[in-house]
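Thank you all for coming; I would like to walk through one structure today, slowly and element by element. Please keep the view open as I speak, and stop me where something is unclear.

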Amino acid sequence: MLKLENVTHVYPNGTKALDNVTLEIPKGMFGLLGPNGAGKSTLMRTVATLQTPTQGSIHFGDLDILAEPEKLRETLGYLPQDFGVYPRVSAYAMLEHMTVLKGIANKADRKLTVETLLNQTNLWDVRNKAIAGFSGGMRQRFGIAQALIGNPELIIVDEPTAGLDPEERNRFLNLLAAIGENVVIILSTHIVEDVADLCPKAAVIAQGKIRLEGAPNELMANVAGKVWAKTIMRDELDEYKAKYDVISTRLFAGELIIHIHNENDPANGFVQVDGGLEDVYFSTLAATRRSDIAA
């Protein structure tokens, strides 16, 4: 289990990117949801020992990773939001080079590791192709291949499906799901559907604070019977925002569908709908914005 207690990070310019983050993350897939600028990448970099928090503690099992970061790196797989490779090098050669950096000294062991990972990530047929010619999804699968070197027990993936087409996204998520049965995987994303599809537990982070956490089904139960939808004209949106707690808007066939959060039937043409994880997420962000304005 990964355990974070009161983790705070303040950058030199005074920006508080993390504010007393406390989380317990068990084996399996854990979703960290948040908008851009919420603190997700700062938290992932901190757990990955790439930066030291201003205060707080982080333990992985019995290991204090702030005191002994090099020991965590021995069992860590990390796929950052952006990662660089030598573009003209083949996938096979690049992955073999990374196994050397990971400390796999025996040539036979390196060969077995590289070939196993290329097959596992469905890249065997393009193993001799330069990474420069890879599609976005192929690059992400190569990224997870390098993150899996050395059989890590903790894997961090930061915004892994951003920019992928639906087919590549599904292939990548299926790969993560297969890996995530026996290790801790943190999936950091702003795409609600990724978390709803894969993660037994999740948390919402906004403005550096954990605003909500739990099993997606439990979180969705909290908004059951409280989400209402209506199709309106686009120029009516401001009027409805003034009257109701609008948590999300979506264009469909040229019309605007709004979801509102309301304890009781608001009438006025609204229809009750099943609240999904997206409604939980957007209502949490809306509540955060309101509390900040009130403060």
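Let me begin with helix α3, residues 91-101, in which A91, Y92, M94, L95, M98 and T99 are buried. These residues cover an arc of only 165° around the axis, which means that they sit on the same side of α3. What do the buried residues of α3 pack against? Their neighbours are α4, residues 107-120, and α5. Just after α3 comes G103, which takes a positive phi of about 100°. I should say at this point that we are looking at a predicted model, so please take the values that follow as computed ones.

From α5 we can move to the sheet, since helix α5, which spans residues 136-147, lies across β6 and β7 (154-158) and runs at about 160° to β6. Helix α6, residues 166-179, also packs on the sheet, where it touches β3, β6, β7 and β8 (184-189), and its direction makes about 150° with that of β8.

The sheet itself is open and is formed by six strands, in the order β6-β7-β8-β3-β9-β10, with mixed pairing. Its edge strands are β6, at 76-79, and β10, at 209-214, each of which pairs on one side only. From one strand to the next, the twist averages 15°.

Now consider β3 within that order. Is β3 largely enclosed or left open by the rest of the structure? Six of the six residues of β3 are buried, so the strand is largely enclosed by the rest of the structure. Towards β8, β3 is joined by six bridges, and the two strands run parallel; here G31 has L187 in β8 as its bridge partner. Towards β9, residues 201-206, there are four bridges from β3, residues 28-33, and this pair also runs parallel. On that side, F30 stands opposite K201 in β9.

Let me turn next to the charged side chains, and to helix α6 in particular. As a reminder, side chains of opposite charge can pair when their charged atoms come close. The count for this model comes to 13 salt bridges, and I will take up a few that involve α6.

Within the helix, E168 and R171 meet through their side chains in a salt bridge, at 3.0 Å from N to O. Both residues lie in α6, three residues apart, which is about one turn of the helix. Are these two residues described in terms of burial by one word or by two, and which? E168 counts as buried because its relative accessibility is 10%, whereas R171, at 29% relative accessibility, counts as partly exposed.

R169, in turn, forms a salt bridge with D194, with the closest N and O atoms 2.7 Å apart. This pair links distant parts of the chain, R169 being in helix α6 and D194 in helix α7 (residues 192-198), 25 residues apart. R169 is buried, and D194 is buried as well.

R169 also forms a salt bridge with D197, and there the closest N and O atoms are 3.6 Å apart. Again the pair links distant parts of the chain, from R169 in α6 to D197 in α7, 28 residues apart. As for R169, its relative accessibility is 13%, and it therefore counts as buried, the cut-off being under 20%. Elsewhere, salt bridges that share partners join R141, E167, E168 and R171 into one network, so to speak of E168 and R171 as an isolated pair would leave out R141 and E167.

Before I stop, two elements from earlier in the chain deserve a look. Strands β1, residues 2-10, and β2, residues 16-25, run antiparallel and are joined by six bridges, and H9 has L18 in β2 as its bridge partner. The two strands form a hairpin with five residues between them, and in the turn G14 has a positive phi of about 95°.

Helix α1, finally, covers residues 40-47 and is mostly covered, with six of its eight residues buried. Which residues of α1 are buried? They are K40, T42, L43, M44, T46 and V47. After α1 comes T49, whose phi is positive, near 65°.

Key: Residues numbered from 1 in each chain as written. Predicted model: local features only at pLDDT ≥ 70, side-chain atom pairs only at ≥ 80, totals over all residues. Heavy atoms only, no water. Pairing = 2+ DSSP bridges. Axes fitted to C-alpha atoms, helices over the stretch in contact; angles between N-to-C directions. Contact = heavy atoms within 4.5 Å. Salt bridge = Lys/Arg side-chain N within 4 Å of Asp/Glu carboxyl O. Buried < 20%, exposed > 50% of the residue type's maximum accessible area, 1.4 Å probe, protein only. Arc of directions from axis to C-beta.
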